[in-house]
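Please look over the sequence and the model shown here before reading on.

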Amino acid sequence: GDKSHIELAKLAAMTPTTVAGCAALLRHVANHVTAYEQGNIFEDFRDVEEPAKTLLSRIAATLDRAVQS
């Protein structure tokens, strides 16, 4: 609904300043899209849609590993 769009707009407006912040922002966006069933960010791109479902989470995990190193 409207509240979820407002929250997503807030997330999209943020600019992380650290690698950990980048990972957290990606994870929040991915969770938001999943929670509100807003579809895949690459929806209708037939060959891209399936692997893109977890793209943000996979990038976040890579950033997390970089921070832990």
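The report below covers the overall make-up, the core and one helix pair.

This is a predicted model, in which local features need pLDDT of at least 70 and side-chain atom pairs count only at pLDDT 80 or more, while totals for chains, interfaces and linings use all residues. Residues are numbered from 1 along each chain as its sequence is written, and side-chain values use heavy atoms, with hydrogens and water left out.

The chain has four helices and zero strands, where helices (H or I, at least four residues) and strands (E, at least two) are DSSP runs numbered from the N terminus. Of the 69 residues in the chain, 19% are buried, that is, under 20% relative accessible area with a 1.4 Å probe, protein chains only.

The largest nonpolar core, a set of buried Ala, Val, Leu, Ile, Met, Phe, Trp, Tyr and Cys residues joined through side-chain atoms within 4.5 Å, has nine residues, including Leu11, Leu56 and Ala60. Helix 2 (19-35) and helix 4 (55-68) each supply at least two residues of this core, and helix 2 gives the most, with six residues.

Helix 1 (residues 2-13) and helix 2 pack at an angle of about 160°, with their axes 10 Å apart; the axes are lines fitted to C-alpha atoms over the stretch in contact, and angles run from 0 to 180 degrees between N-to-C directions. The two helices are therefore roughly antiparallel to each other, a term for angles over 145 degrees. The residues that make the contact (heavy atoms within 4.5 Å) are listed here.

| Helix | Contact residues |
|---|---|
| Helix 1 | Ser4, Glu7, Leu8 and Leu11 |
| Helix 2 | Leu25, His28, Val29 and His32 |

Leu11 touches Leu25, His28, Val29 and His32, not counting residues up to four places away in sequence.

Terms used:
Buried means under 20% relative accessible area, exposed over 50%, partly exposed in between (1.4 Å probe, protein chains only). Angles under 35 degrees count as roughly parallel, over 145 as roughly antiparallel, 65 to 115 as roughly perpendicular and the rest as oblique.
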